[in-house]
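Student: I should like to understand how the terms used for a structure follow from the values behind them. May we work through some examples?

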Amino acid sequence: MIPSPRRHRLAAAASLVLLACAVHAQTSDPAAPNSPAPIIERNAPPRPAVRPRVTAPKPASEPAAQPSALTADLFYEILMGEMTARSGDPGSGYALVLDAARRLRDGKLFQRAVEIALQSRSGDAALAAARAWQEALPTSRDARRIELQILIALNRIGETVEPLRAEVAATSQIERPLLMAVIARNYSRASDKKLAASVVERALVDELKSPTTGGLAWATVGRLRLNAGDNSGALEAARKGQEVDPASDAPPALALELIDPSQPLAEPIVTRYLASNTKATPDLRIAYARVLVENRRYNDAQTQLQALTTARPELAEPWLLLGSLQMQAKQDGAAETSLKRYIDLSSSQSNKDADAADRKRGVTQAYLALSQLAERRKDFTGAERWLSRIDSTEDLTIAQTRRAGLLARQGKLPQAREIIRALPERTADDKKQKFLAEVQLLRDAKQYQAAYDMLAQASAAAPDDGDLVYDQAMVAEKLNRLDDMERLLRRLIQLKPESQNAYNALGYSFADRKIRLDEARTLIQKAVQLAPEDPFIADSLGWVEFRLGNTAEAIRILEAAYKTRPDPEIGAHFGEVLWSIGQKDRAVTIWKEALLSDAENETLQETLKRLRVKP
């Protein structure tokens, strides 16, 4: 016989009531004062109760279960509450379950009342149930956490000071870091973000003064200030946190997010921590190195990574980052050593842990870099050998593109183009990347007209694609079609007014040809505003200052740019300015360094030929 829907509902409700009875017989409050995991947030309401498992009878030696306070009337009230809530009248069901919870002082029933209220989208009713729960069971941390969550969801942030303070006080020291992370995450969702930061600061007033918790507490306040757009307030919080607890890594971790030319006091918080804490967490130093790279401070980043690989040579990740920077700086021997060290360390670690996927991507990156280093030495066989070790289908496109580049370098351009054209096109982006890779092959092979024709055709089909416009402009320059280059770059500036590369390329072109120098400086200064840490844009500015006759200013700018990034093109310009004022020995020294870095650099070779210098 098929049971009726009514029988289904009755059976389900009875099951829930039986569970409530079983729980009530065990404990009147499931959340003891010292319960672990200080978690405020619960993205979903508590899960519905499930049918209890039937267990074997207890041995006779065990103490008998205490009699339950659940009477027949209360059983019926809970049963009716569940049935009413499930049949479309959650308000009445909520009232019945909440009444039973109060009379039984049962945490699970209070939790069920909150759940019914949330399911009916009644935040006020859920809050009332949570507060009734706390009143009946003052030591229940679950009740307080749910109250906090509901208050934040209702945007009644000002009412959370006391419950949050109580929750922090009830949390053990070892669990405080997790609690602070949860506080920052939960309060960041408040609509009034400034109020949220202020409320948390008031709730943490005792922790902010403590030498053991001050760093972490101030960092929590700082993150909420940062979330509210108050960068200076966040920086002040990081500074205060470090003053209270210099050994805490939380303030410098916050300061890392604030490093910017407009916030010069942020970086010293990080450097002080790293200098004074011999046991500073490696992750923080790695994160600092990444920030330095993002700001194009490659030498500083390399210094940090060298310090870390010296102190902790067994860590894999720093070797990969260091090798990448050394390769970029044309320190090929050191780069090869670092990259191989990374591969050795990664292969010795378990492939079953959570970081295995990241490590595999890192190893692929190392293989690609080592292939490129071999290619620089014109060791094409070695370069292919490194590429052949890449076995990830996800990296097939990258590996095949590099393989095509190797063939092109050996004069096998048609075969190289076929490799690119054979790559799969799963998305529109795949198609574009294939196209740009083929154009780059033509540019590297100095087939500029073919590259220009391809770009012109593609740009006509997608006139608003800034990447195509810029690439076409750069190829036009190689063809000495300078009017076309200027037209394309001005069009790009209209399409993307924040494109620093467009301003820089046009300004540098004028400066290099000694024309319209005032406009050239204006264009390059705009590029500097958009990318103040870019050494190549600084090189352009130094070059235009030299063309304008401002030699001292040109030397200042170019020297700083070359120190930041000892690129052969920057070295060519810096050396020429020094040569022009009679500092020929110093100029030759810089040119020799540049030749060791890249003897085939076109700008460097043109400079030496024009000045008739053989370093």
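Tutor: Let us begin with a definition: a residue is called exposed when its relative accessible area is over 50%, and buried when that area is under 20%. The model before us is predicted.

Student: Which residues of helix 28 are called exposed, and on which side?

Tutor: D518, T522 and Q529 are exposed, on the other side of helix 28 from its buried residues. By the cut-off, each of these three has a relative accessible area over 50%.

Student: Which residues of helix 28 are called buried?

Tutor: They are L517, A520, L523, I524 and A527, and the term means that each lies under 20% relative accessible area.

Student: How do you know that the buried residues line one face of the helix?

Tutor: Viewed down the axis of helix 28, they fall within an arc of 120°, and therefore they line one face. What covers them includes helix 27 (500–512) and helix 29 (535–547).

Student: Why does the span of helix 28 agree with expectation?

Tutor: Helix 28 has 14 residues, 517–530, so at 1.5 Å a residue a span of 20 Å is expected; the C-alpha atoms at its ends are 20 Å apart, which agrees.

Student: How many cavities of 30 Å³ or more are found in the whole structure?

Tutor: The search finds one. The largest cavity has a volume of about 50 Å³, and helix 16 gives the most to its lining, with three residues.

Student: What makes up that lining by residue class?

Tutor: The lining of the largest cavity divides into four nonpolar, four polar and one charged residue. R565 is among the lining residues, and Arg counts as charged.

How values were computed
Residues numbered from 1 in each chain as written. Predicted model: local features only at pLDDT ≥ 70, side-chain atom pairs only at ≥ 80, totals over all residues. Heavy atoms only, no water. Helix = DSSP H or I, 4+ residues; strand = E, 2+ residues; numbered from the N terminus. Expected span 1.5 Å × (residues − 1). Buried < 20%, exposed > 50% of the residue type's maximum accessible area, 1.4 Å probe, protein only. Arc of directions from axis to C-beta. Contact = heavy atoms within 4.5 Å. 1 Å grid on protein atoms, 1.4 Å probe; cavity = no way out; pocket = protein on both sides within 12 Å on 5 of 7 lines; lining within 4 Å. Points joined across faces, edges and corners; volume = space filled by probe spheres on them.
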